[in-house]
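Work through the exercises below with the sequence and the 3D view open. Try each task before you read its solution.

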Protein chains: 2
Amino acid sequence: MLSKSAEYALRATIYIALKGSEDNKLGIDEIAKAIDSPQYFTAKILQLLTKNNGVVSSVRGPNGGFYLSDAARKLPVRAVLEAVGEDGIITKCVLGLKECSESRPCPMHDQYRAIKAQLRQMFEKTTIQALAEESAKGKIVINNRPPKKKA
Amino acid sequence: MLSKSAEYALRATIYIALKGSEDNKLGIDEIAKAIDSPQYFTAKILQLLTKNNGVVSSVRGPNGGFYLSDAARKLPVRAVLEAVGEDGIITKCVLGLKECSESRPCPMHDQYRAIKAQLRQMFEKTTIQALAEESAKGKIVINNRPPKKKA
DNA sequence: TAAAATAAAGATAAAAATATCTTTTATTAG
DNA sequence: CTAATAAAAGATATTTTTATCTTTATTTTA
């Protein structure tokens, strides 16, 4: 459905929104461990999120790390997808036809229309903050590990 | 959304259902041209569809080619996705979490539940034949070319 | 039965996605 | 100002996906 990049991007962003703040920035090692993703690769993805549209903020040096501004928290989830170039899921034809459109639809177009609209809704109406709040209520962002206590 | 393999698989299958029959088998060259896909790669995919679950039938030799049995026409579109290993779209978690489930949901789970159900419906309730009929009514399966006449 | 047609199978190549490691730059604390 | 810290940037490696080419096996027809 989504690429690994997109999955890591979403999970990392949610985690940062949940656990981080301007005066508690999170290190890439913590983030990667927490969401069970490859650290260096996740770092690259966070760079995208930082550069491409400011979903994530970062600062270097001691006590540096990643966090989300208040403005960023209000961004739709779609912003994360866009930053990693993965919003095709709500923009493209199921059959991969460039030509497919309302006036020149593919055989699945009519059926997919409503679904696509709902996917779009989900990704555009849901904010990052909203997902973080879900997560705070116990929704998981990790694989294979019970919510773990700090060392 | 779907891989190229899945897209080609769907388009090829629809095209074969539309234009082919047991006594008018279609050659790989015609199919690939018609759906605007790379010929050799499409051949590999049709092999999968032939072996993995008999969605497509084929015979070699003169007048050989690909066609769909009557039984195959009644298969759900999902069968095509399964043959190319791409049904994750209706089985997996949006965030890529193996752990995600009703009892241990991810932050998008509640919202995605309904959408996933509709995707599943679409792929399971729609038959290959139904798509071919849509196509017969003018729904496109190709990119960038007006319905072209034979040479 | 021989030749031609056609998909299957196998081998190889190219491109894209994923992953890791190293070096550089910015920031902070001392 | 220096040392330490942490992300950014760059380079490289690996894996997967996509694509192509070649050889083989099957089938039909002449």
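The exercises that follow deal with a predicted model.

**Exercise 1. A helix and its length**

Task: Find helix α1 of chain A, residues 4–19, and check whether its end-to-end distance agrees or disagrees with its number of residues.

Solution:
- Step 1. Helix α1 of chain A has 16 residues.
- Step 2. At 1.5 Å a residue, the expected span is 22 Å, because the rise is multiplied by one less than the number of residues.
- Step 3. The end C-alpha atoms of the helix are 22 Å apart, which agrees.

**Exercise 2. Covered or open**

Task: Decide whether α1(A) is mostly covered, and state what its buried residues pack against.

Solution:
- Step 1. Count a residue as buried if its relative accessible area is under 20%.
- Step 2. By that rule, 12 of the 16 residues of α1(A) are buried, so the helix is mostly covered.
- Step 3. Among them are Ala6(A), Tyr8(A), Leu10(A), Ile14(A) and Ala17(A).
- Step 4. Look for the partners of these buried residues. They pack against α2 (28–35), α3 (39–53), β2 (65–67), α4 (70–73), α5 (77–83) and α7 (128–136) of chain A.

**Exercise 3. Aromatic pairs**

Task: Find the aromatic pairs and describe how the rings sit.

Solution:
- Step 1. A pair of aromatic rings is described by the distance of the centres and the angle of the planes.
- Step 2. Over all chains, the structure holds 2 aromatic pairs.
- Step 3. One of them joins Tyr8(A) and Phe41(A), with centres 5.9 Å apart and planes at 85°. Planes over 60 degrees apart count as edge-to-face, so this pair is edge-to-face.
- Step 4. Place the two residues. Tyr8(A) lies in helix α1 of chain A and Phe41(A) in helix α3 of chain A, so the pair ties together parts 33 residues apart in sequence.
- Step 5. Check the exposure. Tyr8(A) counts as buried, because its relative accessibility is 11%. Phe41(A) has a relative accessible area of 37%, so Phe41(A) is partly exposed.
- Step 6. Turn to chain B. Tyr8(B) and Phe41(B) form an edge-to-face pair, with 5.9 Å from centre to centre and 85° between the planes. Here helix α1 of chain B holds Tyr8(B) and helix α3 of chain B holds Phe41(B), so parts 33 residues apart in sequence are tied together.
- Step 7. Tyr8(B) is buried at 11% relative accessibility. Phe41(B) is partly exposed at 37%.

**Exercise 4. The nonpolar core**

Task: Name the residues of the largest nonpolar core that touch the most other members.

Solution:
- Step 1. In soluble globular proteins, nonpolar side chains tend to be buried together.
- Step 2. The largest nonpolar core has 97 residues. Leu119(A), Phe123(A), Leu119(B) and Phe123(B) touch the most other members.
- Step 3. Follow Leu119(A), setting aside neighbours within four places in sequence. Leu119(A) is in contact with Met1(A), Ile89(A), Ile90(A), Tyr112(A), Tyr112(B) and Ile115(B).

**Exercise 5. A lysine beside the other chain**

Task: Where is Lys139(B), and which side chain does it meet in a polar contact?

Solution:
- Step 1. Lys139(B) sits in the segment after α7 (128–136) of chain B.
- Step 2. Its relative accessible area is 14%, so Lys139(B) is buried.
- Step 3. The side chains of Lys139(B) and Asp110(A) make a polar contact of 2.9 Å.
- Step 4. Neighbours within four places in sequence aside, the contacts of Lys139(B) include Pro105(A), Cys106(A), Pro107(A) and Glu134(B).

**Exercise 6. The two DNA strands**

Task: For DNA strand D and then DNA strand C, list the residues that come nearest and some of the polar atom pairs.

Solution:
- Step 1. There are 26 residues around DNA strand D, and Gly27(A), Lys44(A), Ser58(A), Pro38(B) and Pro62(B) come nearest. Of the strand's atoms within 4 Å of the protein, sugar and phosphate account for 60%.
- Step 2. Ile28(A) has a backbone N or O atom 3.1 Å from a phosphate oxygen of DNA strand D. Arg60(B) has a polar side-chain atom 3.3 Å from a base nitrogen of that strand.
- Step 3. The largest share of the surface near DNA strand D, 4 residues, is from α3(A).
- Step 4. Around DNA strand C there are 28 residues, with Arg60(A), Pro62(A), Gly27(B), Lys44(B) and Ser58(B) nearest. Here the sugar and phosphate figure is 58% of the strand's atoms within 4 Å of the protein.
- Step 5. A polar side-chain atom of Gln47(B) is 3.4 Å from a base nitrogen of DNA strand C. A side-chain N or O atom of Ser58(B) is 2.7 Å from a phosphate oxygen of the strand.
- Step 6. For DNA strand C, α3(B) gives the largest share of the nearby surface, 4 residues.

Definitions and conventions: Residues numbered from 1 in each chain as written. Chains lettered and ligands numbered in written order. Predicted model: local features only at pLDDT ≥ 70, side-chain atom pairs only at ≥ 80, totals over all residues. Heavy atoms only, no water. Helix = DSSP H or I, 4+ residues; strand = E, 2+ residues; numbered from the N terminus. Buried < 20%, exposed > 50% of the residue type's maximum accessible area, 1.4 Å probe, protein only. Contact = heavy atoms within 4.5 Å. Phe/Tyr/Trp six-rings, centres within 6.5 Å; stacked < 30°, edge-to-face > 60°. Core = buried A, V, L, I, M, F, W, Y, C linked by side-chain atoms within 4.5 Å. Near = heavy atom within 4 Å. Polar contact = N/O pair within 3.5 Å; in protein donor to acceptor, adjacent residues only side chain to side chain.
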